[in-house]
Amino acid sequence: MARQKDTGWAWVCVLGSFYIHFIVFGLMQSFGVIYVELLDQFKSSRGETAWIGSLLSGLVLLLGPVGVVVLGLLGTRATAVLGAVLACVGCSVSFLADSLLFLYLSYGVLQGLGFSLLYMSAVVITNQYFEKRRSLANALGSVGGGLGTLVIPPLLQVMMSEYSWKGALLITGGLVLNCAVFGALFRPFYTRQELKYMKTQSRTSDTRETARACSRAAFCFQVKSIFSTFTNIRYTVYVVGAVIGAFPYTIPFNHLPDLANDLDIPEEKSAWLISVIGIASLVGRLIFGRISDIPCVNRVAFFASASILCGAASMACPKLVSFPTLMAYSAFFGIFLGIWMYLQPVVVADIIGVDKLSEGFGLLICLEGVVVFLGSPFAGWLYDLTGDYAISFYVTGAWYIVGGSIILLYEVVHMCRRSESKHSYSPNTTTDHVYDNAGTLREEEL
């Protein structure tokens with residue numbers, strides 16, 4: 001079948017990805033607005049209440065490998081529709097919640113599973129349809145997340161003031177269900193037979209041990225395919241750094257409004273701190289999405305630098321004691337968080353190739369989900385222990401900086417060694433595997 005990338009229906013898929021990002025990340029990153037209401041409703045500790053948002057955010061990432069298996073069985077379109085239905089049910093039935101445990105299961109677990117399927121579908125379809133403009137396409141799709149973070153917090157605040165937090169979640173369930181309409185736009189670029197062939201060919205060229213053909217539907221085959229990405233050293237280092245940086249991901253979104261309340265900033269204003277992160281994230285993705293498509297720009301180093309700058313801003317946050325200065329923090333942090341987020345699937349595709357994207361990215365967000373689970377409750381526990389958020393935001397900054405530094409250090413060494421070799425080097429290509437794969441490196445040295 002003759003198909004072209006970077007044109008035609010590819011941009012329709014970007015539209016679908018845009019709305020899915022709008023809902024998934026808009027709601028994930030707006031939990032801080034609901035969090036303040038839940039603290040008052042259930043009179044619980046900050047650590048216990050924060051688990052609701054952590055379950056949602058963590059499962060979106062942790063269930064990435066489940067999304068890989070479902071994608072292999074159903075395809076991107078059916079997976080997106082299924083995810084929309086599950087997320088809608090989870091959000092809507094939260095209207096009936098009378099305890100934190102109910103919200104753990106409905107708003108956290110069920111909605112998190114649906115969001116995970118939606119997110120994986122949007123990421124995979126976008127990267128299948130694009131090559132030359134892959135970074136721009138991912139940036140445009142993920143702009144929906146920035147716009148959602150801008151629009152949804154004040155919208156939730158208005159709905160909660162009119163209908164209470166329960167009514168707001170019931171209405172939001174309808175918005176979530178619209179993801180099924182946009183997911184139906186995901187016409188597969190590759191047939192299942194083509195994907196199976198591409199993965200078999202890739203495994204044959206990278207590792208001789210996995211040359212045997214296996215059934216696509218076999219679970220053991222899926223697990224082996226997913227974890228085979230760790231034979232790529234560059235990918236492994238990237239995963240380590242990205243996972244470290246993911247630990248504090250939900251802390252600003254969940255706890256910044258509460259920090260503002262401790263400074264006697266009204267709730268109506270504190271919700272806008274999250275919206276400003278969304279605005280800045282949107283601007284950062286639009287501007288730097290185009291820049292990162294320039295061939296000479298190393299997107300891995302770009303990602304690492306954004307992580308370090310997110311950390312520097314967060315470490316300065318406890319010193320900011322007024323609404324304008326917190327708005328400035330939200331703007332600076334949001335710009336570089338937007339880069340950190342949209343570049344993740346792009347960098348994975350650069351390192352291991354688009355044919356392994358679903359496995360490599362699914363494994364990455366699964367590992368990120370494990371640590372995202374812990375970040376927000378840990379910050380709440382530190383607040384309960386110390387009585388303020390200073391230590392929580394210092395920890396946030398430190399994790400972002402450490403994660404980015406690990407990736408950047410390896411990437412500098414990687415580029416220096418590549419430049420000394422006889423091979424021409426492009427930072428965003430997978431065609432040359434010297435120093436990327438341990439087995440290949442040994443063969444080259446021989």
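In this predicted model, the side chains of D258 and R46 meet in a salt bridge, with N and O 2.6 Å apart. D258 sits in helix α12 (residues 251–262) and R46 in helix α3 (residues 46–62), so this pair ties together parts that lie 212 residues apart in sequence. D258 is also buried: its relative accessible area is 4%, and under 20% counts as buried.

Why might such a pair form? Side chains of opposite charge can pair when their charged atoms come close.

How many salt bridges are there by this rule? The count comes to 4, and three of them are described here, including the one you have just met.

Let's move to R234 and E411, whose side chains also meet in a salt bridge, 2.6 Å from N to O. R234 belongs to helix α11 (residues 233–246) and E411 to helix α17 (residues 390–420), so parts 177 residues apart in sequence are tied together by this pair. Are these two residues buried or exposed? R234 is buried, with a relative accessible area of 2%, and E411 is buried as well, at 1%.

Next come R299 and D350, which form a salt bridge whose closest N and O atoms are 2.6 Å apart. Here R299 lies in helix α14 (residues 299–316) and D350 in helix α15 (residues 323–352), so the pair links parts 51 residues apart in sequence. Both R299 and D350 are buried.

Here are the three pairs side by side.

| Salt bridge | N to O distance |
|---|---|
| D258 and R46 | 2.6 Å |
| R234 and E411 | 2.6 Å |
| R299 and D350 | 2.6 Å |

Terms used:
Residues numbered from 1 in each chain as written. Predicted model: local features only at pLDDT ≥ 70, side-chain atom pairs only at ≥ 80, totals over all residues. Heavy atoms only, no water. Helix = DSSP H or I, 4+ residues; strand = E, 2+ residues; numbered from the N terminus. Buried < 20%, exposed > 50% of the residue type's maximum accessible area, 1.4 Å probe, protein only.
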